[in-house]
Each structure stands twice: as C-alpha cells, then as structure tokens.
Amino acid sequence: ANEKLLGEGLFLVLVNCQNTPPHILLSVHGKTFALSSKGVEMDGDLNSLLYLIKRKNIPTLFFPLYAPSVSSWQLLTEIMKTIFLPYERVEPGQITCLTPIKEFCRTVYQMPLTNINFVFDLMPILSKNGYLGNGYHFNLDRQLKNGTYHFKKYGMNEVTEFISRSLVNVK
C-alpha cells in the first residue's frame with residue numbers, strides 16, 4: 001500500500017481484519033478517528049498506526065471512501081469530531097467501534113443504516129452506492145484470493161464478548 005496515498009484521503013480501516021471482530025476506524029487526511037475500550041480517539045496520527053501495523057505485522061485493510069457532500073478536509077475533520085465526541089468508549093451490547101462510523105455514513109451519505117450491525121454488511125451498501133473504492137492491504141499477501149479478501153462472518157455475541165474482554169483488560 002502507498003503510505004503517502006493513505007495519508008491524503010478518507011479511508012475505512014479494518015485493523016486486525018482476521019480477528020472476529022476486526023477493529024474498525026476512519027482515517028481523514030492522515031488523522032484517525034476510532035472508538036475502543038480505551039476510549040475515543042480523535043485526530044490520532046495515521047503514521048503511528050502504520051508504524052505499528054508494519055512493526056507487529058498486523059493484517060489491515062484500507063478502503064477509500066468518497067464523500068461528495070463535503071467540500072474540504074477541514075470540514076470533514078470537524079464532522080468527525082462532532083460525531084465521535086459524545087462517545088466515551090465501546091459498551092458491550094450497545095456501542096461498538098462501528099457505531100460512530102455508521103453515524104458518519106448517515107450524516108455524510110444520508111443513508112439509513114438501521115439494520116446494519118457489522119462492517120461486512122455496511123461495505124456492500126457503500127460500494128453499491130459508489131462511496132467505497134478498492135482496498136489496500138498490509139500483511140495479507142497469503143490471505144488474498146485473486147486480489148480479494150473474504151471476511152469471516154461473525155455475530156453480535158462475538159462482538160459483545162470481545163468488547164467485554166477488552167474492557168476487563170483496560171480496568
């Protein structure tokens with residue numbers, strides 16, 4: 001993946017994409033926005049994340065998102081802050097790392113996403129509407145089949161369990 005390119009756009013990022021569930025975040029012009037058991041991250045440094053991904057060989061996917069209704073990176077960053085600010089952290093059975101990303105999609109794309117609970121459900125909708133581009137990857141050479149990555153499906157039980165375990169590790 002071209003790291004310079006990754007720092008100059010809007011990306012849906014799936015970190016540890018082989019985990020069920022993966023960690024999902026957004027990157028805007030080199031800044032990351034994420035929600036985890038550790039709390040909310042706004043204006044995180046994409047270069048630090050890329051360094052970690054390479055150093056620890058973390059399987060990660062970056063998918064470009066196209067935001068036609070937003071006129072500047074600065075405005076997009078402000079929208080992200082407004083969306084992520086109210087959250088404290090993920091909560092089992094209630095709030096996942098996908099929650100603010102769905103809210104972002106509702107805000108920027110005016111898409112009703114009420115029945116979307118997983119990234120593998122969100123991505124086809126974004127793609128069908130022309131908002132999701134072809135992805136870039138790190139540390140997935142052997143897992144790609146004809147240039148395509150196939151997600152492991154998982155349910156809300158796995159998400160809730162994962163969040164519960166991660167909150168125990170944080171306390």
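**Stop 1: threonine 32**

Select threonine 32 in strand β3, which spans residues 31-36. Keep in mind that this is a predicted model. Is threonine 32 buried or exposed? Its relative accessible area is 2%. That is under the 20% cut-off, so threonine 32 counts as buried.

Now show side chains. Threonine 32 and glutamate 41 are joined by a side-chain polar contact of 3.0 Å. Next, select the neighbours of threonine 32, leaving out residues up to four places away in sequence. Leu25, Leu26 and Ser27 are among them. So are Glu41, Met42, Asp43, Gly44 and Asp45. Leu46 and Leu49 complete the list.

**Stop 2: the β3-β4 hairpin**

Extend the selection to β4, residues 39-45. How many bridges join β3 to β4? There are five, and the two strands run antiparallel. Two residues lie between the strands, and together β3 and β4 form a hairpin. For a landmark, pick leucine 35: valine 40 in β4 stands opposite.

**Stop 3: the sheet**

Switch to cartoon and show the strands. Six of them form an open sheet, with antiparallel pairing. Walk across in the order β4-β3-β2-β1-β5-β6. Which strands sit at the edges? They are β4 and β6 (136-138), each pairing on one side only. On average, neighbouring strands of this sheet are turned by 20 degrees against each other, with direction ignored.

While side chains are on, recall one rule. In a regular strand, side chains alternate between the two faces of the sheet.

**Stop 4: helix α2 across the sheet**

Select residues 46-55, helix α2. What does α2 lie across? The list is β1 (10-15), β2 (23-28), β3, β4, β5 (60-64) and β6. Against β4, the helix runs at about 100 degrees. Leu46 and Leu49, both in the contact list of threonine 32, fall within the residue range of α2.

**Stop 5: an aromatic cluster**

Select Phe11, Phe62, Tyr136 and Phe138, which form one aromatic cluster. Phe11 falls in the range of β1 and Phe62 in that of β5. Tyr136 and Phe138 fall in the range of β6.

**Stop 6: rings around tyrosine 109**

The structure holds nine aromatic pairs. Start with phenylalanine 104 and tyrosine 109. Their ring centres are 6.2 Å apart and their planes meet at 85 degrees. Angles over 60 degrees count as edge-to-face, so this pair is edge-to-face. Both residues are buried.

Keep tyrosine 109 and add tyrosine 131. This aromatic pair is stacked, with 4.0 Å from centre to centre and 20 degrees between the planes. Where do the two residues lie? Tyrosine 109 is in helix α4 (residues 99-109), and tyrosine 131 is in the loop between α5 (119-128) and β6. The pair therefore ties together parts that are 22 residues apart in sequence. Colour by accessibility: tyrosine 109 has a relative accessible area of 4% and is buried. Tyrosine 131, at 18%, is buried too.

**Stop 7: the cysteines**

Finish with the sulfur atoms. How many disulfides does the structure hold? Zero. Cysteine 17 is in no disulfide, and its nearest cysteine sulfur, that of cysteine 97, is 13 Å away. A disulfide needs sulfur atoms within 2.5 Å. Cysteine 17 counts as buried, at 3% relative accessibility.

Move to cysteine 105. Here too the nearest cysteine sulfur belongs to cysteine 97, 13 Å away, and cysteine 105 is in no disulfide. At 1% relative accessibility, cysteine 105 is buried.

How values were computed. Residues numbered from 1 in each chain as written. Predicted model: local features only at pLDDT ≥ 70, side-chain atom pairs only at ≥ 80, totals over all residues. Heavy atoms only, no water. Helix = DSSP H or I, 4+ residues; strand = E, 2+ residues; numbered from the N terminus. Buried < 20%, exposed > 50% of the residue type's maximum accessible area, 1.4 Å probe, protein only. Polar contact = N/O pair within 3.5 Å; in protein donor to acceptor, adjacent residues only side chain to side chain. Contact = heavy atoms within 4.5 Å. Pairing = 2+ DSSP bridges. Axes fitted to C-alpha atoms, helices over the stretch in contact; angles between N-to-C directions. Phe/Tyr/Trp six-rings, centres within 6.5 Å; stacked < 30°, edge-to-face > 60°.
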